[in-house]
Amino acid sequence: MCPEPPRPLAASASLSSALDVLWTDRRWRLLHAPLGEVTNLARAVFLHPDASWFFLDHQQVQLAVVAQLRGAAPGSAPGNAPGPGVGAGDAVACAGRACPEAEPAGGAAAGPRGVPTATRPTDRDRSGGAPGGGGERGRLVVEELRALSPPFRRLWSGLRTRYRPRTSYAVHHPDLGPVALERFVSWTAGTHWHERVQPAGGDRAAEVLSLLDLL
């Protein structure tokens, strides 16, 4: 019997259709520690005062988050959008701006080694309902971000987006410095997102993720 190939060094999380954080492994929590306890990724990306410092490519992460919220909305669930989309990192013109497109979602990504944390009841309770903007929780998240974040308001109103299953995710960690990562997301069972963050290449990013295990 052939041995199972090693899984890539990664950090992993599950998110609701409204991007509430349902579950994380220990590496994901430690990687995002500069943002405090992240209970909703969209709120952290658009509203946390240190988000523009933490995310070295903040605008691309903002685009990806808006695309996920739109992609999980009724009638436009990931994998059901027409057309093949374009490769990761590409974009098309949309309402006079750059608009990220996506290839159809693949299967659920394999989770990394890590120490899981149980789903918090508060997260589970508030994340129910129909996907994305159609669910009550998703509607509240979108309304809050439109009211409090001008960048979110511009992106939500001015772009037609489909999520990209793979995006750059360069971050700055206060203890470990800058690190180039890639973020892979997949839509699981029509109800939630699986997120995997792993090194984008080279030894530096892999070393940083390994060092998270020592913190």
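**Helix packing, core and a loop residue**

In this predicted model, helix H6 (residues 136–148) and helix H7 (residues 150–158) have axes that come within 6 Å and cross at roughly 120°. Because angles over 115 and up to 145 degrees fall outside the parallel, antiparallel and perpendicular classes, H6 and H7 are oblique to each other. The crossing of the two helices is left-handed. On the H6 side, the contact is made by Val142, Leu145, Arg146, Ala147 and Leu148, while H7 contributes Pro150, Phe152, Arg153, Trp156 and Ser157. By residue type, the contact of H6 with H7 divides into 7 nonpolar, 1 polar and 2 charged residues.

Attention turns next to the nonpolar core. The largest nonpolar core holds 47 residues, and within this core Phe55 and Leu181 touch the most other members. Helix H4 (residues 58–71) supplies the largest share of this core, with 6 residues. In soluble globular proteins, nonpolar side chains tend to be buried together. With neighbours within four places in sequence left aside, the contacts of Leu181 reach back to Leu31 and take in Thr167, Ser168, Tyr169, Ala170 and Val171. Leu181 is also in contact with Val197, Gln198, Pro199, Ala200, Ala205 and Leu209.

A final point of interest is a loop residue. Leu19 is found between strand S1 (11–16) and strand S2 (21–24). The phi of Leu19 is near 70°, a positive value in a residue other than glycine. Is this loop residue buried or exposed? Leu19 has a relative accessible area of 0%, so Leu19 is buried, the cut-off being under 20%.

Technical notes. Residues numbered from 1 in each chain as written. Predicted model: local features only at pLDDT ≥ 70, side-chain atom pairs only at ≥ 80, totals over all residues. Heavy atoms only, no water. Helix = DSSP H or I, 4+ residues; strand = E, 2+ residues; numbered from the N terminus. Buried < 20%, exposed > 50% of the residue type's maximum accessible area, 1.4 Å probe, protein only. Core = buried A, V, L, I, M, F, W, Y, C linked by side-chain atoms within 4.5 Å. Contact = heavy atoms within 4.5 Å. Axes fitted to C-alpha atoms, helices over the stretch in contact; angles between N-to-C directions. Parallel < 35°, antiparallel > 145°, perpendicular 65-115°, else oblique. Left-handed = near helix turned anticlockwise from the far one by under 90°. Nonpolar A, V, L, I, M, F, W, Y, C, P; charged D, E, K, R; others polar.
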